Structures are given as structure tokens and as C-alpha cells.
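Work through the exercises below with the structure open. Try each task before reading its solution.

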Amino acid sequence: MLDIDAAVPRTLDPRQLRRIEAVHRGFLYQHLYAVWCLLLAGPSGIRAVVVESDEDIELETDKGCIYVQVKTRVGALARADVDDALARFAQIRAEHTNKSRSGDAYFVIASNAAPNGPLAAMLRGPGWPKDVELHWPSMEGGPRVVVPKPAMDIAEAIERCSFLADSLPHALLVPETLVWKLAGQVMLAASGTPPRTNHRFTAEELPVLFEQLVLQLQDFPAPPAVYRPQKGEPSLVSDAPVRIVAGYSGAGKTAWAAAAAQQTPEQLAYFDVGDTPGPALAMSLARELAARWLGSKGGRLGEVLLPGASGLDLLQALGRQMEVRGERVTLVLDNAHRLPPADLLALISRVPWLRVLLLCHPGEAVRELQIMLDVKAERLEGWDADAVAAEAQERCCRADFATCERLRRLTGALPYYVQNALSIAQAEYDGDLAALCTELEAQTHIVETAQEIILERTFAAATPELRDILSVLSIADVPISGSEARAVLRDSLSLDDVEVARRLRGLPATGAMELFGGDRLKVHDAMRLVTQRHLIGFGPAEVERVRRVFADVIVASIQEDWSLGKLSLLIRLFGQVGRATLLVEFATDELFHEMGVWPEIEPFLVRTAEGDGDPEQRCRALDGLIFNDLREGKSERALERLGTMGRLIERHGIGDQLWLNWAMKRMLALAQKSNGEAVAAAIEEMRPRVPKQPEYDRIFRYNVANAFFRLGEFKRTTAETGRLITEYYDALGIDPELVFGRNADELRPLLPERPGLVDDLKHLADTLDLHAQAITAQGGVSPFGRIHALKFYQLAHAPDSMLRVGQELVDEFCGRNDFQGARDLIERNLLPLVQGLRLAGHMIPVRSQYAVVLAYCGAWDEADAEMARLLPYHPGMSEAGQKELMTQHRLIAELRRHGPPSQLRVPQVTPPWMRESVRSGKRPGRNELCPCGSGKKFKRCHGV
């Protein structure tokens with residue numbers, strides 16, 4: 001559950017994070033400068049390069065030693081930045097003078113930043129040491145000593161090093177790959193880790209070092225020209241002796257390994273098992289590894305390749321040589337599922353000096369390996385929606401966030417399947433990805449996808465009874481419990497419990513089933529496209545019967561284990577089997593509209609409303625549709641449907657409750673049309689028909705206040721909502737001051753357990769929100785109203801309203817220049833909510849607002865990066881969405897050009913219904929929570 005006042009944000013101290021980033025940026029810049037020196041060592045007559053000894057970098061030459069201090073700064077370089085270096089240079093100079101160190105000493109301060117005025121004057125003055133040079137990118141002329149001229153930043157350093165790497169005679173590697181590998185070796189030497197405990201690279205070993213790095217990667221397949229990382233990619237190298245990464249063909253396992261290898265400085269080997277027979281694996285692998293690490297270094301290869309030795313003997317002997325040299329190797333075995341698990345186990349047990357990473361397809365072999373090795377298989381999670389959108393844009397396809405999520409679900413997010421689907425959309429659907437997704441879901445597409453071709457073979461390998469089970473269970477696109485799966489299979493396939501259990505035990509061997517913690521399971525998303533086609537083969541009547549069984553099981557389950565995913569599944573099942581009555585009951589519940597599943601239910605309600613069925617049911621369907629029209633500001637369509645609903649009520653004498661629903665919504669629609677006289681008449685018509693009960697009276701008065709607000713009568717709105725807020729607090733039995741400093745979870749135990757509680761919480765939140773909107777419309781601020789509305793919306797399980805109010809509160813914070821407060825709110829509350837519930841309609845608005853907030857906070861690179869991830873969605877968005885996104889994009893550019901306003905702290909305004917209680921209370925202690933609800937201590941918020 002979301003903690004509105006959670007004390008721990010995503011980053012405890014953003015300033016500390018920026019300091020940490022600056023430190024690592026400085027180290028990386030220094031390492032790349034050292035790589036530059038290594039690449040220049042041969043033509044420059046440098047005998048050795050030493051890193052992190054007395055100075056950052058020391059270059060030993062025949063004449064002496066060049067000591068280099070590397071500095072990175074955001075602004076200009078100042079005198080204080082170089083004082084320590086000059087003092088240390090003086091000490092080193094003295095040791096060269098008294099012959100404690102041999103040869104001459106030369107000193108360089110290399111910086112990405114030019115000197116400021118005072119330091120530049122010092123450089124020209126007589127006090128600057130003659131043997132010390134200060135280098136910076138824009139300096140006139142070149143360095144007098146044989147060192148590189150500093151780069152402006154890391155990107156330029158990489159570019160220049162890559163240019164030098166490209167000129168090496170053995171340029172088998174991509175130049176940038178060699179640069180990163182060398183940077184890793186420099187980092188290793190800087191840490192004093194074996195084999196570089198002396199921090200030293202000699203000129204004699206540099207050709208071997210370059211050649212060694214070439215050999216390490218030459219057998220890895222080339223990664224894609226543009227590699228898009230998958231969600232939460234695991235590290236290629238770990239301390240675990242054996243790991244398994246399992247995924248279908250097309251999951252991108254080999255591409256991941258090849259791309260990760262380019263960024264890994266450790267010893268790596270890649271071996272594609274291919275069609276290698278199990279018994280021949282050890283010999284093939286031993287010859288490959290021995291040639292790689294000993295064949296080019298002379299003298300030791302003969303000690304390993306002994307006559308008559310078996311492959312396993314050779315690997316053990318090779319391991320002894322590697323241990324003598326203190327080296328540990330990670331071996332990537334691709335297509336390992338093709339080998340008998342017993343052969344793999346025999347190999348792994350004889351090579352403890354190797355860390356083995358197995359790339360496999362899921363199935364019986366992987367299941368057996370997991371048991372034998374006591375290892376749980378890892379998986380690649382596939383592309384996230386941003387990666388799908390970027391790939392879609394590159395292939396000239398149009399897709400909004402929701403469509404990218406649909407394609408992820410249909411393809412299991414597996415990169416190759418996504419790319420193939422995009423190619424089909426481009427060629428056959430004029431780039432309209434949504435149209436392709438619709439046909440894939442309906443199984444009406446004509447062009448067969450690579451996913452179907454590849455996975456059909458996997459599916460066909462299962463027994464007919466397992467194919468039936470997978471097809472039935474694939475109806476669920478969310479994990480279900482084992483007991484729920486057993487109930488569905490028992491009733492839909494007419495099996496007894498023993499037979500169901502037997503068949504379920506065989507599912508893991510198919511590789512098509514995902515298992516989750518807590519005895520939950522789900523057919524893999526990528527496989528569902530194939531299994532759904534098999535389900536259709538059951539015949540229409542049988543498919544509907546199976547869906548009804550599934551719906552009954554989920555209805556029972558959702559009462560004990562509610563989740564948005566299960567609710568969404570249930571709604572789809574109700575629509576597919578024609579349970580219109582239950583759908584209508586959902587549609588007339590206010591909270592249902594908060595769940596983010598409206599697009600899935602709207603078509604069923606439209607059919608019910610426009611049909612010729614029960615008049616009352618048609619009215620309830622219209623009631624739900626009109627409610628949503630008003631939420632979206634579509635007053636014309638709402639009035640049209642209100643006309644139909646009104647005629648049905650009058651013609652069929654439908655009861656007062658539906659009449660009141662109709663009358664209140666009609667009043668609000670008229671208010672949206674600014675028809676004040678009609679609104680006043682509607683109020684007077686409704687007043688005598690409102691039941692004489694407090695809950696009905698409060699709902700009526702809230703809707704009247706809402707109508708006043710829509711008519712621009714803000715003072716009347718605030719007066720009425722102020723009274724209603726007090727009444728709702730009384731009805732809940734809590735005092736307003738109890739809300740200060742407490743998050744939603746802390747408030748929950750203070751609330752009474754009674755029927756209608758959730759409705760009252762939602763209505764109080766609505767009233768607080770409306771009150772705040774009215775105050776804002778009058779030029780005031782009401783942060784307490786919105787903050788407390790967020791808490792009550794959370795307690796009422798109303799995520800849609802939480803996000804809307806949260807975004808308004810972010811805008812309010814920015815409006816009063818509290819940009820850091822806006823960032824805390826959006827990072828701590830809104831982003832986790834929209835990402836956790838996958839609310840597609842809110843994802844882009846919240847994230848684009850976040851990008852703007854980052855710009856207001858001066859985090860330009862982060863703002864640009866977030867906006868860059870969002871722009872690929874632009875072609876697939878609505879016209880209004882495109883306009884909003886581009887407006888925010890331009891705003892970020894303007895803020896970068898002119899700078900944001902200064903961060904200000906302004907006094908909070910206490911709302912009228914709390915003013916007395918706050919005025920009469922004591923000032924909070926400095927270490928107590930601030931009563932504004934920020935979650936910060938008073939001394940760090942409004943106590944300063």
C-alpha cells in the first residue's frame with residue numbers, strides 16, 4: 001500500500017547522490033585518461049604506466065618520470081583546486097633532487113576545466129613552478145611533455161581513445177570495445193587487485209595486453225548494432241560457480257551475453273554447444289580454452305595437452321595453470337539445453353576454476369539441471385514499454401503506452417518476437433501497431449508471426465493432455481494459485497483431483513509455465529498466443545463453458561484475495577460470457593471507475609444501453625456511461641445519454657434512486673455547459689426528493705457544490721465544502737488534526753469498522769479535493785486539502801483520483817517554487833503508484849510531468865533522458881496528448897536555456913476547518929513530524 005507520508009524517499013539525500021555521481025564521474029574520466037596514456041605509450045617512448053601510486057598517473061620514460069594529477073570540475077578550475085597538487089609535487093621534486101628518485105621529474109595537472117581568472121594570472125606570473133604544466137581542452141598550443149591533451153568530458157575521452165584504438169595493428173575488436181576493456185584493466189590496477197598489485201603496466205606487455213583482450217571476445221557473437229537492455233538485466237559475472245539463464249528462442253539471451261561481455265573487464269569465454277555430442281564436450285572445450293589462454297603466451301601449453309589425456313583431465317590441468325596465475329574465468333555455454341544434463345554435471349564438477357553460465361531453453365533439461373545443481377534458473381524479463389516504443393519508432397510504427405503494453409503481453413516482451421511483430425505491423429498494417437494487436441488478440445491475423453512458428457514447435461512437443469491444460473489455463477493473464485488452477489481444470493475438463501494433480505506435475509517440463517512465489521502459476525505470455533489458438537479448437541460452446549467455469553472460480557477467489565489484475569480478468573470474462581447484469585453493477589459503483597479498467601467494460605455497457613433488454617438494466621448501464629462522460633468532460637455526449645435515460649425512467653416508472661442519479665448527473669452536465677438557470681431549477685426539483693438521511697443529504701450537497709464550481713461560483717463552493725468536510729470528519733469519528741503527520745496506514749486503525757466506510761472516505765476525499773480546487777481558482781493555495789485528500793483516496797482504494805490530485809498538488813508546489821517538494825511527492829507517491837498498478841492512461845502524463853519537475857530542480861540530464869524515453873510514444877498518442885508532451889518538451893528546453901526560478905519556501909495556508917485546532921495547539925517540536933503532512937521533521941520543513 002502506498003505511504004503518502006513515507007519518511008524514506010527513493011534517494012535519501014539527492015545532494016549526496018550528486019556528490020557520489022561526481023566522484024565516480026571523476027574516477028571514470030581519470031581511468032580513460034590512463035587508457036589514453038596506454039594507447040600512446042608505444043609511439044611516445046613511455047616505458048611504464050603506473051596508476052594510483054604517488055600521483056593519479058605516473059609515466060616512466062628514459063629521462064625520468066611524468067607525474068599527472070587529473071582534475072574534473074563543473075565550473076572553472078580555481079587556485080584552491082590545485083594547491084594540494086602543487087604541495088605534493090614539491091615533495092616529489094625534492095626526492096628527485098636528492099637522488100632518492102632517479103631521473104628528472106615533470107609535473108602535469110590535466111583538467112577538463114579551464115582556469116579561472118586568478119589562476120590564469122598565477123600561471124603567467126613568476127611564482128608558478130617551471131616544471132609544472134596545466135593542461136585543459138581549450139588551451140593554446142599543445143602539451144610540452146608526452147601526455148594527452150585533456151578531453152572536455154567522458155564522451156570526448158571515449159571518442160579520442162577509440163580513434164587511437166582503431167589504429168592498432170590487431171584491430172579485431174570494435175575500437176570502443178577495446179577502450180572499455182582497457183578501462184576495466186586500469187580500474188583493476190588502481191585497486192591493487194592481482195595480478196596488478198604493483199599498479200603497473202609495462203611497455204613490453206602492452207602488445208600482449210591488447211592481444212589478450214582481442215582473444216577474450218573474438219568468439220562472442222556480435223551484439224545488435226543498437227542493443228536495447230532488458231528489464232532488470234542480471235550481471236554477466238558473479239561469484240556463483242554455476243548459473244542458469246533460461247528463455248525461449250528469441251528471448252535475447254545470446255545478445256545480452258555478447259553486449260554485457262563488451263563492458264566486462266574480467267576473463268570471459270564463450271562456447272556455443274551447438275550440435276556437440278555430450279561426451280565430446282570436455283575435449284572440445286579444453287582445446288578451445290587452452291589455445292586461448294596458453295597458446296599465445298608460450299611455454300605452458302605443452303604442460304596441459306598431455307598425450308592420451310581425456311577432455312576432463314585436460315580441463316583439470318588447465319585449471320591448475322590458471323590457478324598458478326591467479327586467474328578466474330567465466331565460461332558462457334550457449335544452447336546448453338541440447339546436452340544431456342549428466343554430461344554437463346560431469347563437466348562442471350571437474351572445473352571448479354571456471355564460473356559457468358548456462359544459456360538454455362526452458363524445458364525438462366533445465367528442470368533436471370536445477371535439481372541436480374541446486375540452482376534456480378534466472379530469466380531475462382524482456383523489453384519494457386519504453387524499449388518497445390523506441391523500437392517501434394525506429395521501424396516507423398505508431399504506438400502509445402497502452403499499445404506497447406499490449407504488445408509486451410502478447411509477445412512476452414521477448415525482443416525478437418517484438419521486432420518481428422513490428423515488422424509485420426509496418427508491412428501489413430501501415431505501421432498501426434494497435435490494429436495488429438487487436439487482430440492478434442482476436443486470432444484473426446493472416447500473417448503468421450515468428451513467435452507462433454517458433455513456439456508452435458515447443459507446444460506441439462507436449463502431450464495432448466498437457467496442451468489442453470495449457471490452453472485452459474492460458475485464459476488467465478495474471479498468476480493464479482494452485483488451488484484455483486485445480487478447480488478450473490477439474491470443472492472445465494471433467495477430471496478428478498488425482499488426475500488434475502498428475503497433469504499439473506507435468507507442466508514444468510513443457511517450459512511453458514511460469515511459477516511464482518506462494519504456489520502461484522501462469523502460462524508464459526509468449527506462449528499464450530499459441531495456446532489461445534488451440535483453445536479456439538475446442539469449439540465455441542465448449543470455450544464459453546470453460547470461460548464460465550473460470551469466471552466462477554475468480555469470483556470466489558477475488559473475495560479473499562483482491563487484485564486489480566484479477567478484477568480486470570473477471571471483467572473480460574463477464575463480457576465474453578454475456579454476464580451483463582454483473583457488469584452493470586460494476587459500472588454504477590463510483591469506486592469501479594477508479595480501477596483503471598474502464599476501456600475493457602465500456603463496449604459491454606454500450607451494447608446493454610443500446611439494446612432492447614430490461615429497462616432498469618439499460619438505465620444502470622447508461623448511469624455508468626454518463627458518470628464516465630462527466631469525468632472526461634464530455635458534456636454533450638452525457639446530455640444525449642441523459643435524454644435516453646430520462647425517457648426510460650419516465651416511460652417505465654423506474655424508482656427514485658435511479659431518478660436521483662439521473663437528476664444529479666443532469667445538473668452537473670448542465671453546469672459544464674454553464675447553464676446557471678437550468679442548474680438552479682434542477683436543484684430545486686431535486687431537493688424535496690432527496691431522502692431525509694444524512695448520507696444522502698451530504699451527497700446531494702456535494703453535487704450542488706460541484707455544480708457551483710463548474711459555474712464559476714467558487715465562494716459558494718468553498719462555503720459548502722467547508723461545512724461538508726466538518727460533517728464527514730464527524731461521521732468518521734476522527735478529528736482533522738489527527739491527519740497531520742500520519743500516513744494512510746497509520747490512519748486506518750483510527751477509523752470505525754462499519755458499512756459504508758469506504759464510500760464516506762471516498763466522499764470526504766472528493767470534498768477535500770473540490771474545496772482545494774475552489775481555493776486555487778480564487779488565487780489561493782490549499783496544500784493541506786490536497787495532501788489529506790490523497791490520504792483518504794488511498795484509504796478508499798481510488799488510484800485514479802490519487803493520481804489526478806497528486807498531479808495537481810505537484811503543479812501547486814511548482815507554482816510556489818517549491819520544486820524539491822514537487823519532486824519528493826512525484827518520486828515518493830505518484831511514480832510508484834502508476835508503475836505499480838500499470839495505469840496506462842496515466843503513465844505518460846505523470847512521467848512527462850516528472851521530467852518537467854526534474855528540469856525545475858536543475859537536473860537537466862535526467863530531465864532530457866526521461867523526455868527522450870517518452871518521445872517515441874508521440875506518434876501513437878492522441879492529438880491532445882501529443883500537444884501536451886511537446887509543450888512539456890519545449891518547457892524543459894526553455895528552462896535549460898534560461899534557468900529555473902529560485903527554490904523558495906513559502907508559508908503553508910491552513911484550511912478553515914483546521915485553523916482553530918491548529919491555532920489552539922502547541923508548536924510542534926523541532927524533531928516532530930511537520931503538521932503539513934510532508935513526512936519531514938518540523939525543523940527541516942516549516943520550522944525554519
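**Exercise 1: a sheet and its edges**

In this model 6 strands form an open sheet in the order β5-β4-β3-β2-β1-β6, with mixed pairing. Two strands pair if DSSP finds at least two bridges between them; strands (E, at least two residues) and helices (H or I, at least four) are DSSP runs numbered from the N terminus. The model is predicted: local features need pLDDT of at least 70 and side-chain atom pairs 80 or more, while totals for chains, interfaces and linings use all residues. Residues are numbered from 1 along each chain as its sequence is written, and side-chain values use heavy atoms, without hydrogens and water.

Task: find which strands stand at the edges of the sheet.

Solution.
1. β5 (132-135) and β6 (200-202) each have a single partner strand, so one side of each is left without a neighbour in the sheet.
2. From one strand to the next, the twist averages 20 degrees.
3. β6 pairs with β1 (residues 46-51) in the antiparallel sense over 3 bridges.
4. Within β6, Thr 202 is the bridge partner of Ala 48.

**Exercise 2: a helix across the sheet**

Task: state which strands helix α2 lies across.

Solution.
1. Helix α2 covers residues 79-97.
2. This helix lies across β3 (64-71), β4 (104-111) and β5.
3. α2 runs at about 165 degrees to β4, where axes are lines fitted to C-alpha atoms, for helices over the stretch in contact, and angles run from 0 to 180 degrees between N-to-C directions.

**Exercise 3: Arg 503**

Task: decide whether Arg 503 is buried or exposed, and list what it touches.

Solution.
1. Arg 503 is in helix α20 (residues 497-505).
2. Its relative accessibility is 14%, so Arg 503 counts as buried (under 20% is buried, over 50% exposed, partly exposed in between; 1.4 Å probe, protein chains only).
3. Not counting residues up to four places away in sequence, Arg 503 touches Glu 465, Leu 466, Ile 469 and Leu 495; contact means heavy atoms within 4.5 Å.

**Exercise 4: Gln 849**

Task: locate Gln 849 and name its contacts.

Solution.
1. Gln 849 lies in helix α37 (residues 840-856).
2. With a relative accessible area of 7%, Gln 849 is buried.
3. Leaving aside neighbours within four places in sequence, Gln 849 is in contact with Gln 807, Val 810, Asp 811, Ile 826 and Gln 888.
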